[in-house]
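Visitor: Hi, I've got a protein open on my screen and no idea where to start. Can you walk me through it?

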Amino acid sequence: MVELQNVSVTYAGGVDALNNVSLKINDGDFAFVVGSSGAGKSTMIKLLLKEIDATSGVVTVNGYNLSKLKKRKIPEFRRTLGFVFQDFRLIPSMTVYENIAFVLRVLDAPLKYIRKRVPYVISLVGLHAKTNSYPDELSGGEKQRVAIARALVNDPQLIIADEPTGNIDPELSYEIVELLKGINDQGTTILMVTHEHDLVRHFGGRIINITGGEIVYDEVLTGTNAELLPEVELAQAMENAEVQQSDEYSMPAGDGSDYGNPYVDDVIAAITNTSNDNGGVE
Ligand SMILES: Nc1ncnc2c1ncn2[C@@H]1O[C@H](COP(=O)(O)OP(=O)(O)OP(=O)(O)O)[C@@H](O)[C@H]1O
Ligand SMILES: [Mg+2]
């Protein structure tokens, strides 16, 4: 659940990025957030991840009042979320399996659970055959599917995606949204920022338009796509994933801190970040 009550954000320097925004997204909803460049979309996402704080108003995400959340509670809060970034943020030196398993290792999940859960989410996104591939051996759409599997692996209540189709071919964008819709059908709340109006028209659903830091439109639209979403396919994929043998994979030893890669810091920050420099908000 996401709720913004009279939220404003003024950046240092005086830019009013959000102006008295109120909004509620219930558990199980799927919402698109649209709006022109500089409208305040990423600012809203950063608020929801508690990368920045509101200048005024109340932000509540998954039952946490972010305005009151203590710094030491931020990691616990972030574990209730999954994030998908426009630029994927996969770790190039790790395989698909390792990129996803890494999240659970950072959270100290038992190895037995990791060996079951990771192949399961890889199958959900249809990448079983790429389990041992490295990111530079994947297409843009495949990379984003890995990123979605990574966002899913911790079984979050809410997945937040900021322009997840921004760096992939338009025709693959539809697949990515279908995948997110399928995940939503299983109960995960999804909030997706996009510039692609064709996608929004095609899928329909709840559309929130932010312009000049204000919500100017928040309606449920019927999409132009009359076909049902691939629920049957997804249910089948889940079933297949359950029975998959997991013992064929193994993780390298270590806690992930020794990969010496800047992306590692991004991923750790995204999942467990305790730093909160407040992103220049006044
Ligand atoms: N750290 C910052 N310091 C000062 N101003 C900022 C900062 N980040 C964003 N802004 C300003 O706040 C406004 C909203 O920016 P935001 O990034 O939320 O836009 P957006 O809707 O995500 O745009 P885009 O579609 O281009 O990603 C813009 O005027 C931007 O210049
Ligand atoms: Mg943005």
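**Around helix α1**

Guide: Let's start with Lys50, which comes after α1 and has a positive phi, near 55°. Keep in mind that this is a predicted model.

Visitor: Okay, and α1 itself? Why is α1 largely enclosed by the rest of the structure?

Guide: Because 6 of its 8 residues are buried, α1 ends up largely enclosed by the rest of the structure.

Visitor: Which residues of α1 are buried?

Guide: That would be Lys41, Thr43, Met44, Ile45, Leu47 and Leu48.

Visitor: There's a ligand too. Which residues come nearest to ligand 1?

Guide: Tyr11, Ser37, Lys41, Ser42 and Thr43, out of 14 residues around ligand 1. You've just met two of those names: Lys41 and Thr43 are on the buried list for α1.

Visitor: So which element gives the largest share of the shell around ligand 1?

Guide: Helix α1, residues 41-48, with 3 residues.

Visitor: And how many of the shell residues are nonpolar, polar or charged?

Guide: The shell around ligand 1 has 9 polar residues, 4 nonpolar ones and 1 charged one.

Visitor: New topic, the sheet. In what order do the strands come?

Guide: The order is β6-β7-β8-β3-β9-β10, so to speak from one side to the other of an open sheet of 6 strands with mixed pairing. The edges are β6 (81-85) and β10 (214-222), each pairing on one side only. From one strand to the next, the twist averages 15°.

Visitor: What holds strands like that together?

Guide: Strands of a sheet pair through backbone hydrogen bonds, in a parallel or an antiparallel way.

Visitor: Do β9 and β10 run parallel or antiparallel, and how many bridges join them?

Guide: Antiparallel, with 8 bridges joining β9 (residues 204-211) to β10. If you want a spot to look at, find Arg206, which stands opposite Val220 in β10.

Visitor: Which strands does helix α5 lie across?

Guide: Helix α5 (residues 140-152) lies across β6 and β7 (158-162), and runs at about 165° to β6. Then there's helix α6 (residues 170-185), lying across β3 (30-34), β7 and β8 (189-193), at about 155° to β8.

Visitor: Last thing, the big picture. How many helices and strands are there?

Guide: The protein has 9 helices and 10 strands. Of its 282 residues, 39% are buried. And if you take contacts between residues at least 6 apart in sequence, 74% of them join residues at least 24 apart.

Key. Residues are numbered from 1 along each chain as its sequence is written. Chains are lettered from A and ligands numbered from 1 in the order in which they are written. This is a predicted model: local features need pLDDT of at least 70, side-chain atom pairs count only at pLDDT 80 or more; totals for chains, interfaces and linings use all residues. A residue is near a molecule or strand if its C-beta atom, placed from the backbone, lies within 6 Å of it. Helices (H or I, at least four residues) and strands (E, at least two) are DSSP runs, numbered from the N terminus. Ala, Val, Leu, Ile, Met, Phe, Trp, Tyr, Cys and Pro count as nonpolar, Asp, Glu, Lys and Arg as charged, and the others, Gly among them, as polar. Two strands pair if DSSP finds at least two bridges between them. Axes are lines fitted to C-alpha atoms, for helices over the stretch in contact, and angles run from 0 to 180 degrees between N-to-C directions. Two residues are in contact if their C-beta atoms, placed from the backbone, lie within 7 Å. A residue is buried if 20 or more other C-beta atoms lie within 10 Å of its own, exposed if 12 or fewer, and partly exposed in between; C-beta atoms are placed from the backbone.
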